[in-house]
Amino acid sequence: MTTLTDLTIAEARKGLDAKEFTAAELTEAHLAAMETHADLNAYITPTPERAREMAAASDARIAKGEAGAMEGIPIAMKDLFCTDGTRTTAGSNILGTFVPPYESTVSTNLWNAGAVLLGKANLDEFAMGSSNETSAFGNVVNPWTRTDQPERKLVPGGSSGGSASAVAARIAMGATGTDTGGSIRQPASFCGITGLKPTYGRCSRWGIVAFASSLDQAGPMARTVEDVALMLGAMAGHDPKDSTSAPIAVPDFAAAIEQGVAGLKVGIPKEYRPEEGFSPEIDAIWTRGMEMLRDAGAETVDISLPHTKYALAAYYIVAPAEASSNLARYDGVRYGLRVVEDGDSLNDMYCKTRGAGFGAEVKRRILIGTYALSAGYYDAYYLKAQKVRALIARDFKTAFDSGVDVILTPTTPSAAFGLDEEITDPVTMYLNDVFTVPTSLAGLPGLSVPVALTEAGLPQGLQLIGRPFDEDTVLRAGRALEKAAAFTAKPRLLEG
Amino acid sequence: MDATPAPTYVLSGETGDWEVVIGLEVHAQVISHAKLFSGASTTFGADPNSQVSLVDAAMPGMLPVINRACVEQAVRTGLGLRAHINHTSVFARKNYFYADLPQGYQISQYELPIVGEGTLILDMPDGSSRTVGIERLHLEQDAGKSMHDQHPSKSFIDLNRSGVALMEIVSKPDMRSPEEAGAYLRKLRSILRYLGTCDGNMEEGSMRADVNVSVRKVGETGLRTRCEVKNVNSVRFVMQAIEAEATRHIEVWESGGEVIQETRLFDPAKGETRSMRSKEEAHDYRYFPDPDLLPLEFDDAFVDGIRATLPELPDDKKARFISDVGLTPYDASVLVVDRREADFFEAVAKDRDGKTAANWVISTLFGTLNKMGVGIDESPVSAENLGKLIDLIADDTISGRIAKDVYEIMVETGEAPDTIVEERGLKQVKDTGAIEAAIDEVMAANPDKVEQVRGGKEKLLGWFTGQVMKATQGKANPGMVNDLLKKKILG
């Protein structure tokens with residue numbers, strides 16, 4: 001029998017219902033693995049006591065035949081989701097000791113479905129980053145290593161780096177992530193797992209520390225498409241407490257994934273082959289992905305998304321603009337860090353608190369956003385970026401209106417890079433999101449599925465993009481890709 | 001203004017005559033049970049920080065959800081101001097840091113307010129009317145309250161008010177005198193109270209005014225630089241602030257200086273304004289559409305549903321009082337200021353002479369209420385009883401003079417006038433015999449005066465009337481007394 005931590009969520013659910021093992025045993029196996037792999041720094045706050053209590057409650061419900069869809073499944077919760085009574089930091093010093101007296105809607109939904117909290121997963125500070133290096137609680141290590149440089153530590157991607165690393169390292173069966181410009185999909189690709197950014201409005205944002213409100217979307221990260229579908233079903237749903245949450249029924253995502261792709265039209269956008277920074281290796285993996293879908297009965301068609309090249313620039317106006325406003329509440333007045341000395345003015349307190357509380361990347365984005373919204377610059381930056389955003393959304397709509405059912409692209413332009421690369425040029429870092437940002441700006445669902453290993457033995461994902469609220473088709477195509485790719489490689493860490 | 005008549009309010013400076021240009025921004029607290037974007041209560045006077053939701057305190061991850069009742073109140077107010085209702089409007093964030101602003105921004109409306117242009121008719125004390133344009137009305141959140149006097153070195157924050165719905169009602173720069181500004185505020189308050197959308201209590205801060213003032217030489221058509229006097233909290237202070245600010249501007253211009261656009265505060269104790277912050281220190285509010293909220297949209301049916309529940313508003317009521325009841329414009333405008341007073345008047349005037357009823361209500365009853373310092377709801381005289389009193393005069397049961405006495409007794413005892421008249425025997429004497437007897441007595445006691453009248457000094461007849469009335473304790477019918485006196489003395 002495989003070890004408990006190797007099971008998928010779907011397998012574990014069957015095992016639990018068949019009483020092959022208990023939720024308590026499943027949770028203990030993960031808590032033990034978390035200790036073994038503590039060096040990954042995937043968790044900011046492990047919650048073993050809460051996990052044991054929740055697992056015991058799950059066992060009681062299973063015994064009574066009242067198991068929910070995620071009953072007894074131990075998961076990691078990105079530390080951006082507020083958890084009642086459990087510290088929620090957003091990866092920032094400014095919320096370093098913050099304990100919310102409330103529970104986010106998405107986490108509440110997961111607990112109601114029976115999921116078990118293993119701990120709060122590390123992330124880039126306020127979800128701003130693509131390497132998890134901006135966390136105030138230290139960087140996360142990717143469990144994967146290059147075959148040519150096995151000792152070299154790699155980044156897990158970001159911002160949901162702790163979630164991705166934990167799922168890949170089998171110290172969580174699944175994890176929540178949030179995705180603003182690629183924060184679920186890029187780390188999923190870097191860590192060889194599956195991650196879905198649902199359609200904007202599919203999951204409630206209530207109780208998630210806000211980065212950029214018009215882009216932020218919670219989503220599942222797990223090791224299979226089926227697990228992602230199961231988890232999404234538990235997370236999603238209309239929430240009257242979030243005005244931007246869509247009043248749309250939640251379908252049975254998992255039920256549809258095996259329908260295959262025969263007859264589906266898969267769009268291949270020519271603009272996703274940038275001249276700079278795009279590894280030929282990844283181009284080849286993309287081509288293989290197309291072949292896999294064709295072999296499964298889909299038709300691939302070349303499409304054009306002409307405004308793609310402006311997406312990153314527009315994103316780095318819109319997201320920081322919203323962030324500059326969203327992060328104004330961290331002022332030292334009501335909660336979180338306060339730095340003040342006798343005789344200080346209110347402005348002194350603001351400067352000292354925010355100066356000490358925020359890291360460099362967060363400060364950079366607050367400054368960019370403040371500048372972009374300033375009188376005299378608003379039209380040239382924010383308004384222009386919103387126009388570009390509308391054009392990007394129109395590009396996708398045109399493609400889907402022409403009969404394309406789903407779009408296939410690489411998730412990232414390159415595989416995981418080294419922690420030692422110390423990328424200090426922000427634009428180089430931002431380029432990680434070049435393939436994921438357009439989908440975010442258009443509010444569409446995007447799924448990253450691990451498809452192959454690069455020559456250096458690192459996982460690489462492909463991205464499937466769908467129509468608004470058509471996660472079904474995205475997951476179906478993802479499942480077809482997953483089957484064809486038969487990606488079974490594990491991080492070397494777990495093979496030792 | 002409809003036209004540009006010769007200015008009625010002119011300030012004379014050393015270099016000539018100046019007129020004042022005034023625009024008002026009124027913040028009116030919406031009457032609603034819950035706040036604009038949260039379910040917390042809005043009751044005034046609760047313990048500090050006892051009415052604060054997670055949203056109001058801007059806890060991480062909290063999101064605003066629009067309160068439908070506040071939207072209805074804004075539309076209702078827009079309809080009352082005969083304004084254009086925008087079926088799509090947008091909430092925007094106004095960003096600035098302050099300790100009592102938990103989010104670090106105020107959710108307001110900027111480019112697309114819920115209500116567009118409308119009009120307000122001023123009822124001036126001389127009975128004339130002026131029209132002032134309404135520029136817009138938008139919904140926004142109130143901030144909390146900072147208290148700097150509770151601790152020697154610390155400031156305290158009360159967030160009870162944080163998130164309470166306000167309507168900002170912006171006039172066009174159409175007013176030209178402190179009196180017009182005062183009339184504007186009183187009329188706006190009257191309409192808001194009729195509509196039940198704001199209680200209009202300036203002393204409790206539920207209605208506050210920012211006053212924009214500039215001056216220009218009489219005859220100039222362009223506008224000179226304006227200053228904004230913030231947060232003035234009574235009609236009287238608004239009028240004083242305008243005068244002080246206009247005078248300051250004239251002094252600056254006439255001494256060769258330039259008025260600088262800035263925000264100022266009015267100090268009622270000193271009767272002057274002082275600078276709060278200059279244009280250079282002005283906030284850059286970085287307005288942008290709030291991404292947490294979808295555009296606010298509603299259809300005709302929503303607006304029509306609210307329109308159907310509107311009460312008769314003061315202007316319509318005033319017109320009706322003039323055309324149907326026959327009141328003067330002045331009397332009509334006095335009676336319609338307060339809806340309850342207008343209702344009271346209508347109850348008194350029902351099936352009676354309107355002008356008589358108006359006289360009693362305005363001259364007599366309002367005087368009594370003023371003296372007692374109470375509102376119409378606590379009037380010691382009910383509308384029913386005041387009406388009965390008028391009936392007693394009309395059917396000659398009592399004279400006008402006795403009526404005054406009866407009224408005073410009504411004020412004191414709250415009793416019905418017919419009871420008072422009956423119990424105290426105040427009925428008018430219409431018995432010719434009794435009156436003749438009284439006349440005879442007076443004539444017998446004053447033969448010299450009788451002779452004088454007969455000799456042509458008919459003015460003295462009035463004196464006789466008085467004597468007879470006195471002899472009958474005012475109960476004699478004065479008309480009958482006059483007739484009989486003439487007959488008896490002059491034959």
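Visitor: How far apart are the end C-alpha atoms of helix α9 of chain A, and what should its 16 residues span?
Guide: This is a predicted model, so let's check the helix against the 1.5 Å a residue rule. For residues 280–295 that rule gives 22 Å. The distance in the model agrees, because the end C-alpha atoms of α9(A) are 23 Å apart.

Visitor: Which residues of α9(A) are buried?
Guide: Buried here means under 20% relative accessible area. By that cut-off, the buried residues of α9(A) are I282(A), D283(A), I285(A), W286(A), G289(A), M290(A), M292(A) and L293(A).

Visitor: And what covers the buried residues of α9(A)?
Guide: Strands do part of the job, including β7 (265–269) and β8 (299–303) of chain A. Further along chain A, the cover includes β9 (406–410), β10 (446–453) and β11 (459–466). A helix joins in as well, namely α16 (471–485) of chain A.

Visitor: Which residue with a positive phi follows α9(A)?
Guide: Look just past the helix for a phi near 110°. The residue there is G297(A).

Visitor: What is L408(A) in contact with, leaving aside its neighbours within four places in sequence?
Guide: Some of its contacts are residues already met as buried in α9(A), including W286(A) and G289(A). Others of its contacts include V266(A), G267(A), I268(A) and P269(A). The list also has L462(A), Q463(A), L464(A) and L481(A), and from the helix M290(A) and L293(A).

Visitor: How many residues are in the largest nonpolar core, and which have the most contacts inside it?
Guide: In soluble globular proteins, nonpolar side chains tend to be buried together. Here the largest such core has 158 residues. Those with the most contacts inside it are M70(A), L110(A), F126(A), F396(A) and L408(A).

Visitor: Which helix gives the largest share of this core?
Guide: The largest share is 9 residues, and it comes from chain A. The helix, spanning residues 311–326, is α10.

Visitor: How many residues are in the other core, apart from that one?
Guide: Among its members are Y194(B), L293(B), A332(B) and I402(B). This other core has 108 residues.

Visitor: Which residues join F126(A) in a cluster of ring pairs?
Guide: F126(A) is one of the residues with the most contacts inside the largest core. Ring pairs also link it into a cluster with F98(A), Y330(A), Y335(A) and F358(A).

Visitor: Is A127(A) buried or exposed?
Guide: A127(A) lies in the loop between β3 and α5 of chain A, and its phi is positive, about 65°, although it is not a glycine. Its relative accessibility is 3%. At that value, A127(A) counts as buried.

Visitor: What about D351(B), buried or exposed?
Guide: D351(B) also has a positive phi without being a glycine, about 60°. It sits in the loop between α7 (339–349) and α8 (354–372) of chain B. With a relative accessible area of 74%, D351(B) is exposed.

Visitor: Where is the peptide bond from G158(A) to S159(A), and what is its omega?
Guide: S159(A) is in the loop between β3 (116–121) and α5 (161–168) of chain A. The bond is cis, with omega near 10°.

Visitor: How many aromatic pairs does a search of the whole structure find?
Guide: The search runs over all chains. The count is 26.

Visitor: What is the angle between the planes of Y371(A) and Y381(A)?
Guide: This pair links helix α12 (residues 360–373) and helix α13 (residues 379–401) of chain A. The rings are 5.9 Å centre to centre, and the pair is tilted. The angle between the planes is 55°.

Visitor: Which lysine has its charged end over the ring of W463(B)?
Guide: The charged end lies 4.5 Å from the ring centre. The residue is K449(B).

Visitor: What percentage of helix does the span of the "Asn/Gln amidotransferase" domain have?
Guide: The unreviewed UniProt entry places that domain at residues 343–489 of chain B. Over those residues the end C-alpha atoms are 49 Å apart, and strand makes up 0%. The helix content is 71%.

Notes. Residues are numbered from 1 along each chain as its sequence is written. Chains are lettered from A and ligands numbered from 1 in the order in which they are written. This is a predicted model: local features need pLDDT of at least 70, side-chain atom pairs count only at pLDDT 80 or more; totals for chains, interfaces and linings use all residues. Side-chain values use heavy atoms; hydrogens and water are left out. Helices (H or I, at least four residues) and strands (E, at least two) are DSSP runs, numbered from the N terminus. The expected span of a helix is 1.5 Å times one less than its number of residues. Buried means under 20% relative accessible area, exposed over 50%, partly exposed in between (1.4 Å probe, protein chains only). Contact means heavy atoms within 4.5 Å. UniProt positions are given in the numbering used here, feature names are shortened, and annotations may be inferred rather than shown by experiment. Rings of Phe, Tyr and Trp (its six-membered ring) pair if their centres lie within 6.5 Å; planes under 30 degrees apart count as stacked, over 60 as edge-to-face and the rest as tilted. A charge sits over a ring if NZ of Lys or CZ of Arg is within 6 Å of the ring centre and within 35 degrees of the ring normal. A nonpolar core is a set of buried Ala, Val, Leu, Ile, Met, Phe, Trp, Tyr and Cys residues joined through side-chain atoms within 4.5 Å.
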